[in-house]
Amino acid sequence: AEDPTSLDPRQVRLLPSVTLMHMFYEGLTRYDQKGLVVNGIADNIQISPDGKTYTFHLKKTVWNNGDPLTAEDFVRTWKSALDPKKPSPNAYQLYHIKNAQLYRAGKADTIGAIAKGPYTLEVQLEHPLPYFLDLTATHFYYPVHQSNSDKITNGPFSLEYWKKNNEISAVKNPRYWD
């Protein structure tokens, strides 16, 4: 088996790495055992009548180091993936968010992702997107801890150690909400 290219969801593209992202991180939504999109970090989701604004009310969850996971973690992560000065092969996946493509091009100061409080995230889209909740279940939309550490994650498992070109050991995350 191949070594993952990265343990940062903003950087991975290949299947071995993506599989690990689903173990180490969780997004606003996730796929259940039947392949249906269900709430992940989001406790409640409201969609505007025009289908362009999603309001995610988050569960009060924590990173595996005990820090609270907040709406700002999503905003900061998405902006960092869209930062024109940083390589992020998946930045285009966020272009459905209002002003994301302009932000990536250095032509906008903000994007349509706003922390309306610690546990409320509002996402404004460029246009209605019937499969937006499916996208929020993918690693492209996962939050990353502000430290950018591979060891600080919010999914069902945590990285115990990574011996490059040899093995990766994961342990159950005792702080995982589910």
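Q: What is the N to O distance in the salt bridge where the side chains of Arg76 and Asp73 meet?
A: In this predicted model, Arg76 and Asp73 lie 3 residues apart in helix 2 (residues 71-82), a separation of about one helical turn. Side chains of opposite charge can pair when their charged atoms come close. For the side chains of Arg76 and Asp73, the salt bridge has an N to O distance of 2.5 Å.

Q: Is Asp73 buried or exposed?
A: The buried class covers residues under 20% relative accessible area. Its partner Arg76, at 25% relative accessibility, counts as partly exposed. Asp73 has a relative accessible area of 7% and is therefore buried.

Q: Which residue forms a salt bridge with Glu167?
A: Glu167 counts as partly exposed at 32% relative accessibility. The partner also counts as partly exposed, at 43% relative accessibility. With the closest N and O atoms 3.7 Å apart, the residue that pairs with Glu167 is Lys163.

Q: Which residues do salt bridges that share partners join into one network?
A: One pair to consider is Glu26 and Arg30, whose side chains meet in a salt bridge at 3.4 Å, N to O. Glu26 is buried, with a relative accessible area of 4%, whereas Arg30 is partly exposed at 24%. Through shared partners, the network consists of Glu26, Arg30 and Asp178.

Q: How many salt bridges does the structure hold?
A: A pair is counted when a side-chain nitrogen of Lys or Arg is within 4 Å of a carboxyl oxygen of Asp or Glu. Among the pairs are Arg76 with Asp73 and Glu167 with Lys163. The number of salt bridges in the structure is 5.

Terms used
Residues are numbered from 1 along each chain as its sequence is written. This is a predicted model: local features need pLDDT of at least 70, side-chain atom pairs count only at pLDDT 80 or more; totals for chains, interfaces and linings use all residues. Side-chain values use heavy atoms; hydrogens and water are left out. Buried means under 20% relative accessible area, exposed over 50%, partly exposed in between (1.4 Å probe, protein chains only). Helices (H or I, at least four residues) and strands (E, at least two) are DSSP runs, numbered from the N terminus.
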